[in-house]
Each structure stands twice: as structure tokens, then as C-alpha cells.
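Hi everyone, thanks for coming. I have one structure to walk you through today, so please get your viewers open and follow along.

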Amino acid sequence: MGIKIGVIIPDRNDRPLFLANCLRMIESQTVKPDIIELVNDPTPDHIPSDKPDITWRYRTGYERLRDKGLDCILFMENDDWYAQDFIENMTRNWHIYGRPNIFGTNYTIYYHIMLRKYDKLDHFRRSSAMSTLIKPDLTINWGDDVNPYTDSWLWSRCKLGGITFTPSKHICIGIKHGVGMAGGRYHTDEFTISGIKKSGDFARFKTDDQHFEFLCSQMDSESYKFYTNYFK
């Protein structure tokens, strides 16, 4: 297909092992990006240190990738799992669907590795940030830098004419764990490393996977080893 690809990774230097694993997964991709923009700058002064700054990080990464001759940019989050053909699958389908301004999967699998539970969230009109592809050099109103829901804002408020698709297999899984600061709910604000902090949303993770059968069926061996051994 001969396209030039960029990747943005928002990072706060608070998940070094997850970041190293993310970079390993990118290096193992069947189609590799031409540019990786790791936005791990210190949080700027106008954002309180206890506030999520994921929108600022995505916006900053996007602006840095302007005028680089890219055809598309993928958002990849440092703690989530990506299949080895994630980039290939996303860019191939983006081309098939007419190269829209914004593109992504119409569902997300969320997996909490402490609880060993997971669930599928369908969202047909938008994609999660972790599985979003966007064209470069668009004029975008990113909204508030501390908005924790970058994906909802881009897909619902920016009117970019997005298209979502259903991949033929799971190509990414949103991993929840309780390490570092996260963007929105059902991330670290619902759990701590030592256990559940709030019980009200426990039901979000509905399917048991106490022996990691689901993860084993989806992941490459290196990723499976990383996630299942993280808290040992």
C-alpha cells in the first residue's frame, strides 16, 4: 500500500515496564511505523499534577507530527495489548473504507489483570483512543487539555466524519491494572494495586478469566508472559 505511518504514545513516565512492553510490541509489528512520537514531557504548568493530561499529550503529539509527510497517525497507549498485525490491520481496513479522517474499531475489550476479569464494550459510532487512526494535518478543536475522554471528544464533538469497523479478530485489548494515572473512569480511579477502591463499578468486568485462558488464546507468548507475570 506504500503509506507513511506515525504513532503517538502518551506517557507520563509512571509505567516504565508497560512502556518498554509497548515499544517491544511496536517493534514486532508486521507493518512498522515510520515515526513514533512518545509524548513523555513533564506536565505543563497550566495542568494540575493530579489531573489527567491525556488530551494535552495527544494534541501535543499530533501537532509535532504535522508536515511530516504522513498518511495517517495511530494512537497507541503504553499499557494496552496490540496484536502483531495491529498496524497492518488498521491501515489496510482504513484504505478499504475510503481513508476517512478518523477510523477505528467499533468495540473494545477491557481486561483487568488484577481481577482476571474482562468485558466487551460496543460503541458503534466511535472508537476508543487506543484503537483510533486519524489523518494528519487536520484542523481540530481538541477541547480542554484535562478532558479525560479524548476519544469521545474527537469522535462525537469534532465532526470529522469517522468510520468504525469490526475486525475479523481481536487486534487490541485495553488493559486495566491500577498503575500510574489514567484518563477516564474504570481505569485507576476504580482500583488500586492492593485491591478494589470502589465497589460500585465492579460489575463492569463481567467475565471471569481466573486461569488466563482468554489472554492465552489472544496474545503472543511474550505479551502473555508480560501481563500474567506483572503482579507476581
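I'll go from the overall picture to the cores, then the strands, the cavities and a couple of backbone details.

One thing before we start: what you see is a predicted model.

Let's begin with the chain as a whole. The protein chain has 232 residues, and 53% of them count as buried. DSSP gives us 6 helices and 13 strands. If you take the contacts with a sequence separation of 6 or more, 74% of them are between residues 24 or more positions apart. As for the outside, the accessible surface comes to about 10600 Å², and carbon and sulfur atoms own 48% of that.

Now, the inside. As a bit of background, nonpolar side chains in soluble globular proteins tend to be buried together. Here, the largest nonpolar core has 39 residues. Which of its members touch the most other members? They are Leu74, Trp81, Phe86, Tyr111, Ile173, Ile175 and Tyr227. Helix α1, residues 16–27, provides the largest share of this core, with 5 residues. There is also a second, separate core of 22 residues, and Val39, Ile47, Trp56 and Ile102 are among them.

Let me zoom in on Phe86, from that list of well-connected members of the largest core. Leaving out residues up to four places away in sequence, Phe86 touches Gln29, Leu74, Met76, Met130, Ser131, Ile171 and Cys172. Phe86 is also one of the buried residues of helix α3, which spans residues 86–96. The others in that helix are Ile87, Asn89, Met90, Thr91, Asn93 and Trp94. Just after α3 you can find Gly98, with a positive phi of about 90°.

Next, please click on Phe18, which lies in helix α1. Is Phe18 buried or exposed? Its relative accessible area is 0%, so Phe18 counts as buried. Again skipping residues up to four places away, Phe18 touches Asn78, Asp79, His177, Val179, Phe226, Tyr227 and Tyr230. Phe226 makes a nice example of a long-range pair: Phe18 and Phe226 are 208 residues apart along the chain, yet 8.9 Å separates their C-alpha atoms.

On to the strands. There is an open sheet of 5 strands, in the order β4-β10-β6-β7-β13, and the pairing is mixed. Which strands stand at the edges? They are β4, residues 81–82, and β13, residues 207–208. Each has a single partner strand, so one side of each is left without a neighbour in the sheet.

Within that order, have a look at β6 and β7. Strand β6 covers residues 107–112 and β7 covers residues 117–122; they run antiparallel and are joined by 6 bridges. If you want a register point for your own checks, His112 stands opposite Lys117 in β7.

Strand β5, residues 102–105, has pairings in both senses. With β8, residues 132–134, it pairs antiparallel over 3 bridges, and Gly104 stands opposite Thr132 there. With β9, residues 163–165, β5 pairs in the parallel sense, also over 3 bridges, and here Phe103 stands opposite Ile163.

Now for the cavities. How many cavities of 30 Å³ or more does the structure hold? There are 2. The largest has about 50 Å³ of space. Its lining is made by Thr105, Tyr107, Thr108, Ile109, Met130, Pro167, Ile171 and Cys172. The element that gives the most to this lining is β6, with 3 residues. You may recognise Met130, Ile171 and Cys172 from the lining, as they were also among the contacts of Phe86.

Last stop, two backbone details. Asn13 is not a glycine, but it has a positive phi of about 60°. Asn13 sits in the loop between β1, residues 5–10, and α1, and it is exposed, with a relative accessible area of 53%. Lys159 is another non-glycine residue with a positive phi, near 55°. You'll find Lys159 in the loop between α4, residues 150–157, and β9. At 70% relative accessibility, Lys159 counts as exposed.

That's my tour. Thanks for listening, and I'm happy to go back to any of these spots on the screen.

Key: Residues are numbered from 1 along each chain as its sequence is written. This is a predicted model: local features need pLDDT of at least 70, side-chain atom pairs count only at pLDDT 80 or more; totals for chains, interfaces and linings use all residues. Side-chain values use heavy atoms; hydrogens and water are left out. A nonpolar core is a set of buried Ala, Val, Leu, Ile, Met, Phe, Trp, Tyr and Cys residues joined through side-chain atoms within 4.5 Å. Buried means under 20% relative accessible area, exposed over 50%, partly exposed in between (1.4 Å probe, protein chains only). Helices (H or I, at least four residues) and strands (E, at least two) are DSSP runs, numbered from the N terminus. Contact means heavy atoms within 4.5 Å. Accessible areas come from the Shrake-Rupley method with a 1.4 Å probe; for residues, only the protein chains shown count as cover. Two strands pair if DSSP finds at least two bridges between them. On a 1 Å grid over the protein atoms alone, a cavity is a set of points where a 1.4 Å probe fits but cannot get out, and a pocket is an open set with protein on both sides within 12 Å along at least five of seven lines; lining residues have an atom within 4 Å of a point. Grid points are joined across faces, edges and corners, and a volume is the space filled by probe spheres set on the points.
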